[in-house]
Amino acid sequence: MVGVTEETIMAGYYEPFIRSIVLKFFNESSFMYRLLAGEFGIMTLTPTYVIGLLMPLVIAFYFFMSIMEDSGYLPRIAALVDRILSFFGLNGRAIIPIILGFGCITMATITTRLLGTKREK
């Protein structure tokens, strides 16, 4: 999925389009062209990474996480890892923030409110 969005759509269509627009206003060797549409340009690299690289990964992660949640698999995972996590002073519910931490540390931090004691949080 990332190959299609980052390489085909963003690098194949979006970046040449933006470069052609910026080239109408600035010379290719100018500082402003390099700043806006160069190799590490604000209008080329930033949207390519955000839309072409990160968004498909985040969407896919939360899609599969919602499937696991709706199917009832997350409580089963919590029961399975309860004994292992008790070695670290946590209960099985701590697996949910740990799994979420692989996708987005902000969501993992927010979901630590699920945990019962201040020590677990």
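**Entry 1: Phe31 and its surroundings**

I began with Phe31, which I located in helix 2, the run of residues 31-37, keeping in mind that this is a predicted model. I then asked whether Phe31 is buried or exposed. At 56% relative accessibility Phe31 counts as exposed, because the cut-off for that word is over 50%. Looking around Phe31, I noted that it joins Met32, Leu35, Ile42 and Met43 in a nonpolar patch on the surface, and that the accessible area of these residues together is about 440 Å².

**Entry 2: The salt bridge in helix 1**

Side chains of opposite charge can pair when their charged atoms come close. How many salt bridges does the count give here? I found one salt bridge, and I wrote down its partners as Arg19 and Glu15, with 3.3 Å between the closest N and O atoms, a distance that falls within the 4 Å cut-off. Both residues belong to helix 1, which covers residues 2-25, and they sit four residues apart, about one turn of the helix. I also checked how accessible each partner is: Arg19 is partly exposed, with a relative accessible area of 26%, whereas Glu15 counts as buried, because its 12% lies under the 20% cut-off.

**Entry 3: Thr48**

I turned next to Thr48 in helix 3, and recorded it as buried, with a relative accessible area of 3%. Which residues is Thr48 in contact with, once its neighbours within four places in sequence are left aside? I listed Glu6, Met10, Tyr14, Glu15 and Leu53. Glu15 in that list is the salt-bridge partner of Arg19, so I noted again that Glu15 counts as buried.

**Entry 4: Helix 3 against helix 4**

Two packed helices are described by the angle between their axes and the distance between the axes. For helix 3 (residues 45-71) and helix 4 (residues 73-86), I read that the axes come within 5 Å and cross at roughly 80°. That makes helix 3 roughly perpendicular to helix 4, since the angle falls in the range of 65 to 115 degrees. At the meeting of the two helices I noted Met65, Met68, Glu69 and Ser71 from helix 3, and Tyr73, Leu74, Arg76 and Ile77 from helix 4.

**Entry 5: Lys24 and a distance**

Last, I looked up Lys24, which has its place in helix 1 and is exposed, with a relative accessible area of 68%. How far is the C-alpha atom of Lys24 from that of Asp70? I recorded a separation of 51 Å for this pair, whose members are 46 residues apart along the chain.

Definitions and conventions
Residues numbered from 1 in each chain as written. Predicted model: local features only at pLDDT ≥ 70, side-chain atom pairs only at ≥ 80, totals over all residues. Heavy atoms only, no water. Patch = residues over 30% accessible without salt bridge, like charges linked within 9 Å, V, L, I, M, F, W, Y side chains within 5 Å. Areas by Shrake-Rupley, 256 points an atom, 1.4 Å probe, with all protein chains shown as cover. Salt bridge = Lys/Arg side-chain N within 4 Å of Asp/Glu carboxyl O. Buried < 20%, exposed > 50% of the residue type's maximum accessible area, 1.4 Å probe, protein only. Axes fitted to C-alpha atoms, helices over the stretch in contact; angles between N-to-C directions. Parallel < 35°, antiparallel > 145°, perpendicular 65-115°, else oblique. Contact = heavy atoms within 4.5 Å.
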